[in-house]
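Hi,

Here's the structure I promised to pass along. Have a look at it first, and my notes on what turned up are underneath.

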Amino acid sequence: VCSSDLGPGITRGRLEGISDGIMAVAITLLVLGVEPPTPEAGQSLWEAIDRDALGSIGLFVLSFAIIARFWLVHHDAMRTLPAIVPARVVVINFGFLLGICLVPFATAVYARNADDFTALAIYAGTFAAISALSSAMFALGGSRGRLVQLYAPVVFLAALPLALVVSPRYAPLAWLVMIVLP
């Protein structure tokens with residue numbers, strides 16, 4: 001699809017509707033990647049909860065929170081777009097939504113392979129790409145100050161060199177710095 005196929009663009013309401021729907025589905029699908037613990041013979045459910053089960057739940061919560069944050073930023077920035085959103089912004093928005101759709105997959109890959117650098121790279125790279133597309137979308141749409149948010153892809157990717165020093169399992173702790181950033 002060429003951006004000229006969209007004519008001058010589509011209404012902001014339609015773009016918000018599809019965006020909200022896709023983010024809601026992605027955030028819901030995240031839970032399917034959480035593997036419930038299975039007790040072995042003679043073991044209680046409580047005893048079956050191990051580091052992997054807790055990690056999977058923690059990663060679900062982290063991914064949920066990150067998508068929720070993307071939704072809040074998206075919602076806030078949509079208000080600054082014109083009533084007819086330019087076609088180039090619509091195309092970038094669909095790239096952003098493609099990334100959002102990949103989050104449940106990236107989360108499941110990393111949850112099942114938390115000690116693998118490639119799994120972390122897939123997970124961190126997914127969020128870095130979504131962040132970059134989000135910034136580009138709103139910069140092209142005329143939102144002021146959104147390029148400042150290019151720190152988010154850098155922070156997501158900062159987990160990669162940290163993983164080489166610490167462990168791919170604990171590298172996303174670097175993302176806690178985003179709590180203090182605006």
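Which helices each supply at least two residues of the lining of the second largest pocket? Before I get to that, bear in mind that this is a predicted model. The two helices are helix 3 (51-78) and helix 4 (87-112). Helix 3 gives the largest share of that lining, with 3 residues.

In terms of space, the second largest pocket holds about 170 Å³. Its lining is made up of E35, P36, P37, T38, A48, D50, D52, A53, S56, A111 and R112. If you're thinking about chemistry, that splits into 5 nonpolar, 4 charged and 2 polar residues.

There's a cavity as well. The count of cavities of 30 Å³ or more is 1, and the largest cavity has a volume of about 40 Å³. Around it sit L30, G33, V34, S56, L59, F60, T107, A108 and A111. Helix 3 and helix 4 turn up again here, as the elements that give two or more residues to this lining. The cavity lining has 6 nonpolar and 3 polar residues, with no charged ones. Note that S56 and A111 are on the list for the pocket and also on the list for the cavity.

Now for the helix packing, with helix 3 in the middle of my notes. A pair of packed helices is described by the distance between the axes and the angle between them.

Take helix 1 (residues 12-29) to begin with: its axis and that of helix 3 come within 10 Å and cross at roughly 175°. Anything over 145 degrees counts as roughly antiparallel, so that is what helix 1 is relative to helix 3. On the helix 1 side, the contact is made by R12, L15, E16, S19, D20, M23, A26 and I27, and on the helix 3 side by F60, F64, I67, A68, F70, W71, H74 and M78. Those residues divide into 11 nonpolar, 2 polar and 3 charged.

Then there's helix 5 (residues 117-140), whose axis comes within 11 Å of the helix 3 axis, with a crossing angle of roughly 5°. Helix 3 and helix 5 are therefore roughly parallel to each other. Helix 3 brings L59, L62, S63, I66, F70, V73, H74, A77 and M78 to this contact, while helix 5 brings Y123, F127, I130, S131, S134, M137 and F138. Here the split is 12 nonpolar and 4 polar, with no charged residues.

One last thing, on rings. The model has 9 aromatic pairs. One of them is F70 with F96: the ring centres are 6.0 Å apart and the planes are at 85°, so the pair is edge-to-face. This pair links distant parts of the chain, since F70 is in helix 3 and F96 is in helix 4, 26 residues apart. F70 is also among the helix 3 residues in the contact with helix 1 and in the contact with helix 5.

Cheers

Terms used
Residues numbered from 1 in each chain as written. Predicted model: local features only at pLDDT ≥ 70, side-chain atom pairs only at ≥ 80, totals over all residues. Heavy atoms only, no water. 1 Å grid on protein atoms, 1.4 Å probe; cavity = no way out; pocket = protein on both sides within 12 Å on 5 of 7 lines; lining within 4 Å. Points joined across faces, edges and corners; volume = space filled by probe spheres on them. Helix = DSSP H or I, 4+ residues; strand = E, 2+ residues; numbered from the N terminus. Nonpolar A, V, L, I, M, F, W, Y, C, P; charged D, E, K, R; others polar. Axes fitted to C-alpha atoms, helices over the stretch in contact; angles between N-to-C directions. Parallel < 35°, antiparallel > 145°, perpendicular 65-115°, else oblique. Contact = heavy atoms within 4.5 Å. Phe/Tyr/Trp six-rings, centres within 6.5 Å; stacked < 30°, edge-to-face > 60°.
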